[in-house]
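Colleague: I would like a close look at a single part of this model, set in the context of the whole fold. Please give the cut-off behind each term when you use it.

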Amino acid sequence: MRSFTTFNIQYAHRFYNFKGEAQYLHGHTGVLRIEVEDTINPGVNMVFPCNEIKKTAWHFIQNFDHALILRKDDPLLPAILDVYEKQGIRNGAPTNQMCGPAFDTELAKAYPECRLVVTKETMTVEGMIKIVYDLLKDKLNIAKISFNSGDNSGSQEYHPAGTMDRCPMCGILLDKNGVCPKCGYRKH
Ligand SMILES: [Zn+2]
Ligand SMILES: [Zn+2]
């Protein structure tokens, strides 16, 4: 069975060199949906608690919220960084507190201190799905990711292998020693 949860993400981007309106900087509310597939954990009668999917994913995904997302070869990138630098906000601001980890993968690099994500490819809905899967594939048994941004929507199905060991008391993943990080339950 599947458990799924959705996120709203407010962001600005553009499709650099795209022959259409989207080559101009603009913004969206993106809706991201992550579906997790596994057996039903009989202790809690859930695949996985949705608030835990949310917590695990939001750790990374918050980097895209109220953020600017630009491709690495976009000439707007040095121009924006120059403005942020001169304004004194390039390396952070007291009001910028919703910062995720500064991840750096093959597809995307996050600069949480100035709410910027630099991508290898154009950040279309398809591009976002690839980035999200890459960030979370080892942390969740992802069966499907969907992303909607304005009139554009995309989705991709995956085939998660096996089952993850979850706590029968609170449903979250056990650590590598078989211990629940939340309630201390031990498998053995
Ligand atoms: Zn757009
Ligand atoms: Zn537990």
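In which loop is the place of asparagine 45?

Modeller: Asparagine 45 has its place in the loop between β2 and α1, where helices (H or I, at least four residues) and strands (E, at least two) are DSSP runs numbered from the N terminus. This is a predicted model, in which local features need pLDDT of at least 70 and side-chain atom pairs count only at pLDDT 80 or more, while totals for chains, interfaces and linings use all residues. Residues are numbered from 1 along each chain as its sequence is written, and chains are lettered from A and ligands numbered from 1 in the order in which they are written.

The phi of asparagine 45 is near 55 degrees, a positive value in a residue other than glycine. Most residues other than glycine have a negative phi. Asparagine 45 is exposed, because 8 other C-beta atoms lie within 10 Å of its own; a residue is exposed at 12 or fewer such neighbours, buried at 20 or more, and partly exposed in between, with C-beta atoms placed from the backbone. Histidine 66, in the loop between α1 and β3, also has a positive phi, near 50 degrees, but with 14 C-beta neighbours inside 10 Å it counts as partly exposed.

To place these loops, it helps to read the fold as a whole. The protein has three helices and seven strands, which follow the pattern β-β-α-β-α-β-β-α-β-β along the sequence. Its C-alpha trace spans about 55 × 35 × 25 Å along the principal axes, and 27% of its 188 residues count as buried. Of the contacts with a separation of 6 or more, 55% are between residues 24 or more positions apart, a contact being a pair of residues whose C-beta atoms, placed from the backbone, lie within 7 Å.

The seven strands form an open sheet in the order β4-β5-β3-β1-β2-β6-β7, with mixed pairing, where two strands pair if DSSP finds at least two bridges between them. The edge strands, each pairing on one side only, are β4 (108–111) and β7 (152–157). Neighbouring strands of this sheet are turned by 25 degrees against each other on average, direction ignored; axes here are lines fitted to C-alpha atoms, for helices over the stretch in contact, and angles run from 0 to 180 degrees between N-to-C directions.

Strand β2 (residues 26–37), which precedes the loop of asparagine 45, runs antiparallel to β6 (residues 142–149) and is joined to it by seven bridges, with glycine 30 standing opposite serine 149 in β6. Strand β3 (residues 67–71), on the far side of the loop that holds histidine 66, is mostly covered, with four of its five residues buried. It pairs in the parallel sense with β1 (residues 2–13) over three bridges, tyrosine 11 having alanine 67 as its bridge partner in β3. Strands β3 and β5 are likewise parallel, over four bridges, and arginine 71 stands opposite threonine 119 in β5.

The largest nonpolar core, a set of buried Ala, Val, Leu, Ile, Met, Phe, Trp, Tyr and Cys residues joined through C-beta atoms within 7 Å, has 29 residues, and Ile34, Val36, Phe64 and Ile69 have the most contacts inside it. The elements giving two or more residues to this core are β1, β2, α1 (50–61), β3, β4, α3 and β6. Isoleucine 34 touches Phe4, Thr5, Ile53, Ala57, Leu140, Ile142 and Ile145, not counting residues up to four places away in sequence.

Alanine 110, in strand β4, counts as buried because it has 23 C-beta neighbours inside 10 Å. Its C-alpha atom is separated by 8.3 Å from that of phenylalanine 64, 46 residues apart along the chain.

The other two helices differ in setting. Helix α3 (residues 125–136) lies across β2, β4, β5 (116–119), β6 and β7, running at about 145 degrees to β6. None of the 12 residues of α2 is buried, so this helix lies largely in the open. Glycine 88, which follows α2, has a positive phi, near 85 degrees.

Methods:
Two residues are in contact if their C-beta atoms, placed from the backbone, lie within 7 Å.
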